[in-house]
Amino acid sequence: MGTRDFIRERFFPHMWCPGCGHGTVLNCLIRAVESLGLDKSQIVMASGIGCSARISGYVDFHSLHTLHGRALAFATGVKFSQPALTLIVPMGDGDALAIGGNHFIHAARRNIDVTAIVMNNRTYGMTGGQYSPMSLMGDCGTTAPMGTLERPFDAVKLATAAGATFVARTTTYHAREGISILKRAIAHKGFSMVEFLSQCPTQYGRRNGLADAPSMLEYFKTHTVPIGSEKAQEDPNILERGIFVDEDRPEYCESYAAMVQKMAPSSGDGGAL
Ligand SMILES: Cc1ncc(C[n+]2csc(CCOP(=O)(O)OP(=O)(O)O)c2C)c(N)n1
Ligand code: SF4
C-alpha cells in the first residue's frame with residue numbers, strides 16, 4: 001500500500017487556505033500510518049469541528065466527523081466497544097482545550113488507547129480568528145483586537161498532569177520528526193497526546209506580525225528546540241519539542257476486560273454466587 005491509498009482523492013482539492021499547516025499534519029499522519037504497516041480497515045478517525053477536524057474527510061479510514069469538542073467522547077465509545085481498532089483523533093486547539101477541555105483531561109486520566117493530535121494554530125481558524133486557550137498573551141484576534149490578557153495552556157504539561165502516558169510536541173516545520181513522533185504515539189498502548197504547532201496564516205499570522213506561511217514556519221524553526229536544550233531555560237518564548245512522557249500504565253479497555261473476566265461465573269458452577 002502507498003500513501004495515496006490512505007487518501008480520499010474524490011474530496012480534493014481540500015478546503016484549507018494556501019499555506020495552512022493542517023495539510024502538513026495530514027501528510028505526516030498518512031506517512032506514519034503507512035510506515036507502521038497498519039490496515040486502514042482497522043483505523044477509525046473521530047474528529048469534531050474546525051479546519052483541523054476536516055482532516056477526517058480526507059483520510060480513507062473509517063471516519064466520524066462529529067461535534068465541536070466531542071471527538072474524544074465519540075472515540076472513547078468506539079474504542080470501548082471495539083478495542084482492537086486503532087483510534088486517531090485530530091483536534092484544533094479550541095476543539096481540544098476549550099470546548100473539549102473536559103473530555104481531554106478525562107481521556108488522559110483514563111489512559112484509554114487513543115491518539116489525540118492537537119493541531120495548535122493558537123486561534124479559532126474556521127470561525128474567523130477568535131483567540132483560543134493557546135493564544136499567547138498579547139496575541140490579537142477578532143475577540144481580542146488589543147491583544148488577549150489570558151495566559152495560554154501548556155498542552156504538554158496539561159496532558160502530563162492529567163495522566164497521559166505518551167506526550168509529545170512537534171511542529172509542521174519539523175515534518176520528519178512529526179512522522180516519527182506520530183508513529184510512536186499510534187503504536188503506544190494508552191492515551192497519547194501529540195501537540196503539532198500548525199500555522200494559520202489567514203486568521204492568526206496576519207493579525208500577529210507573521211503575514212505568510214514561510215514566516216510562520218521560520219518562527220517554528222527559531223522558537224523551538226529539542227528537549228533539554230539550554231536555550232529553552234534561558235528564554236520563555238522558546239518551546240521544547242520531542243517526547244516528554246512515554247510510560248506503561250494499565251490501559252482502560254484492557255483493565256475493563258480483565259475485570260469482566262474476573263466477574264464471569266467459573267465454568268461448571270452454574271454461576272452461583
Ligand atoms: C457547540 C459548538 N460551538 C461552537 C461552534 C462553532 N465553531 C466551529 S469550529 C470552531 C473553532 C475552531 O477552532 P479550532 O478548534 O481551534 O480549530 P481550527 O479551525 O483553528 O483548526 C467553533 C467555535 C460549533 N460548531 N459547535
Ligand atoms: S483559516 Fe487558518 S486553519 Fe483554517 S484553513 Fe485557513 S489557514 Fe488553515
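**View 1. T115 and its partner across two strands.** In this predicted model, T115 has S192 of strand 8 as its bridge partner. Zoom out a little and you see strand 4 (residues 114-120) and strand 8 (residues 192-197) running parallel, with six bridges between them.

**View 2. The whole sheet.** Strands 4 and 8 sit in an open sheet of eight strands, ordered 2-1-3-4-8-7-10-9, and the pairing is mixed. At the edges you'll find strand 2 (62-65) and strand 9 (224-226), each of which pairs on one side only. From one strand to the next, the twist averages 20°.

**View 3. Helix 7 over the sheet.** Here helix 7 (residues 175-187) lies across strand 3 (86-92), strand 4, strand 7 (166-171), strand 8 and strand 10 (239-246). Check its direction against strand 7: helix 7 runs at about 160° to that strand.

**View 4. Where helix 3 meets helix 5.** Helix 3 (residues 71-81) packs against helix 5 (residues 101-110) at an angle of about 35°, and the axes are 8 Å apart. Helix 3 brings L72, A73 and T76 to the contact, while helix 5 brings H103, F104 and A107. That makes four nonpolar residues, two polar and no charged.

**View 5. The nonpolar cores.** Nonpolar side chains tend to be buried together in soluble globular proteins. In this model the largest nonpolar core has 58 residues, and V89, M91, V114, A116, I117, V118 and M193 have the most contacts inside it. Helix 1 (residues 22-36) gives the largest share of this core, seven residues. Pick out M193 and, leaving aside neighbours within four places in sequence, you'll see it in contact with A108, A116, V118, A155, A159, A164 and V167. Another core, of six residues, lies apart from the 58-residue one and includes C51, Y124, M126 and Y204.

**View 6. The shell around ligand 1.** Ligand 1 has 18 residues around it, and G50, G92, G94, D95 and G125 come nearest. Two elements give two or more residues to this shell: helix 4 (93-99) and strand 5 (123-124). Helix 4 supplies the largest share, four residues. Sorted by class, the shell holds six nonpolar, ten polar and two charged residues.

**View 7. The shell around ligand 2.** Around ligand 2 you'll find W16, C17, C20, H22, C51, N121, G125, M126, C200, P201, T202 and Q203. Seven of these residues are nonpolar and five are polar, with no charged ones. Look for some familiar names: C51 and M126 belong to the six-residue core, and G125 is one of the residues nearest ligand 1.

Note on methods
Residues numbered from 1 in each chain as written. Chains lettered and ligands numbered in written order. Predicted model: local features only at pLDDT ≥ 70, side-chain atom pairs only at ≥ 80, totals over all residues. Near = placed C-beta within 6 Å. Nonpolar A, V, L, I, M, F, W, Y, C, P; charged D, E, K, R; others polar. Pairing = 2+ DSSP bridges. Axes fitted to C-alpha atoms, helices over the stretch in contact; angles between N-to-C directions. Contact = placed C-beta atoms within 7 Å. Core = buried A, V, L, I, M, F, W, Y, C linked by C-beta atoms within 7 Å. Buried ≥ 20, exposed ≤ 12 C-beta atoms within 10 Å, placed from the backbone.
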